[in-house]
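Biologist: Before we go through this entry together, I would like to learn how to read its fold, its pockets and a few of its residues. Could you take me through them one feature at a time?

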Amino acid sequence: MTNPASGLKCVKVVALAVRDVARANRFYGETLGLAPASEGGRQVGFELGGAVLMLKDDWYGTPTAEPNPRITLECADARALEASLRRLDVKIPDAVELYDGSHYVGAFLDSEGNKLWFCSPA
């Protein structure tokens, strides 16, 4: 059997909860000097070593001193990875869907119940 993770390439996105997205944009853009990352003509976060640091003010998490990022793994083909994981009885809480017309995005649960997101270009 082919290893389903063989299509995984790298960490694509780390999402952080923020309370004030404008203030966070100033901090990461001006204070830290990170370059903006864009998709579909709109800023989605900041470039950080080949990954995107995404700031989320509209999701389940809240800022905390404890680790709280959402990690998204880039893969060769998100739809194929989902199918491979399903065949291995891996739980898929978020089926692959087209996001912003540019990426397929889905999520699976690891053996401990941690949700890991994955994506590929559309």
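Modeller: What follows moves from the whole chain to its pockets and then to two residues, and please keep in mind throughout that this is a predicted model.

Biologist: Let us begin with the fold, then: how many helices and strands are there in the protein chain, and what pattern does the chain follow along the sequence?

Modeller: The protein chain has two helices and eight strands, and when they are read along the sequence they give the pattern β-α-β-β-β-β-α-β-β-β. The radius of gyration is 15 Å, close to the 14 Å that the globule rule gives for 122 residues, so the chain is as compact as a globular protein of that length. Taken along the principal axes, the box that the C-alpha atoms fill is roughly 50 × 30 × 20 Å.

Biologist: What share of the residues is buried, and what share of the contacts with a separation of 6 or more comes from residues 24 or more positions apart?

Modeller: Of the 122 residues, 36% are buried, and residues 24 or more positions apart account for 49% of the contacts with a separation of 6 or more. As for the surface, the chain exposes about 7,500 Å², of which carbon and sulfur atoms supply 51%.

Biologist: Turning to the pockets, how much space lies in the largest pocket, and which residues are closest to its centre?

Modeller: A pocket is read by its volume and then by its lining. The largest pocket holds about 320 Å³ of space, and of the 17 residues that line it, Arg70, Tyr99, Val105, Gly106 and Trp117 are the closest to its centre. The elements that give two or more residues to this lining are strands S1 (8–17), S4 (51–56), S5 (70–75), S6 (94–99), S7 (103–109) and S8 (115–121). S6 gives the most to it, with five residues.

Biologist: What is the make-up of that lining by class?

Modeller: The lining of the largest pocket has eight nonpolar, three polar and six charged residues.

Biologist: How much space lies in the second largest pocket, and which element gives the most to its lining?

Modeller: About 200 Å³ of space lies in the second largest pocket, whose lining includes Val21, Asn25, Arg42, Lys56, Asp57, Asp58 and Tyr99. The elements that give two or more residues to this lining are helix H1 (21–31), strand S3 (42–48) and S4, and S3 gives the most, with four residues. By class, this lining has five nonpolar, three polar and four charged residues.

Biologist: Now for single residues: is Glu82 buried or exposed, and why?

Modeller: The call rests on relative accessible area, where under 20% means buried and over 50% means exposed. Glu82, which is found in helix H2, has a relative accessible area of 12% and is therefore buried. Leaving aside residues up to four places away in sequence, Glu82 touches Ile92, Ala95, Val96 and Phe118.

Biologist: And where is Ala76 found, and is Ala76 buried or exposed?

Modeller: Ala76 is found in the loop between S5 and helix H2 (78–87), and because its relative accessible area is 52%, Ala76 is exposed. With residues up to four places away in sequence not counted, Ala76 touches Gly7, Lys9 and Ser120. Ala76 and Pro93 are 17 residues apart along the chain, and their C-alpha atoms are separated by 20 Å.

Conventions: Residues are numbered from 1 along each chain as its sequence is written. This is a predicted model: local features need pLDDT of at least 70, side-chain atom pairs count only at pLDDT 80 or more; totals for chains, interfaces and linings use all residues. Side-chain values use heavy atoms; hydrogens and water are left out. On a 1 Å grid over the protein atoms alone, a cavity is a set of points where a 1.4 Å probe fits but cannot get out, and a pocket is an open set with protein on both sides within 12 Å along at least five of seven lines; lining residues have an atom within 4 Å of a point. Grid points are joined across faces, edges and corners, and a volume is the space filled by probe spheres set on the points. Ala, Val, Leu, Ile, Met, Phe, Trp, Tyr, Cys and Pro count as nonpolar, Asp, Glu, Lys and Arg as charged, and the others, Gly among them, as polar. The radius of gyration is taken over C-alpha atoms; the globule rule is 2.2 Å times the number of residues to the power 0.38. Buried means under 20% relative accessible area, exposed over 50%, partly exposed in between (1.4 Å probe, protein chains only). Contact means heavy atoms within 4.5 Å. Accessible areas come from the Shrake-Rupley method with a 1.4 Å probe; for residues, only the protein chains shown count as cover.
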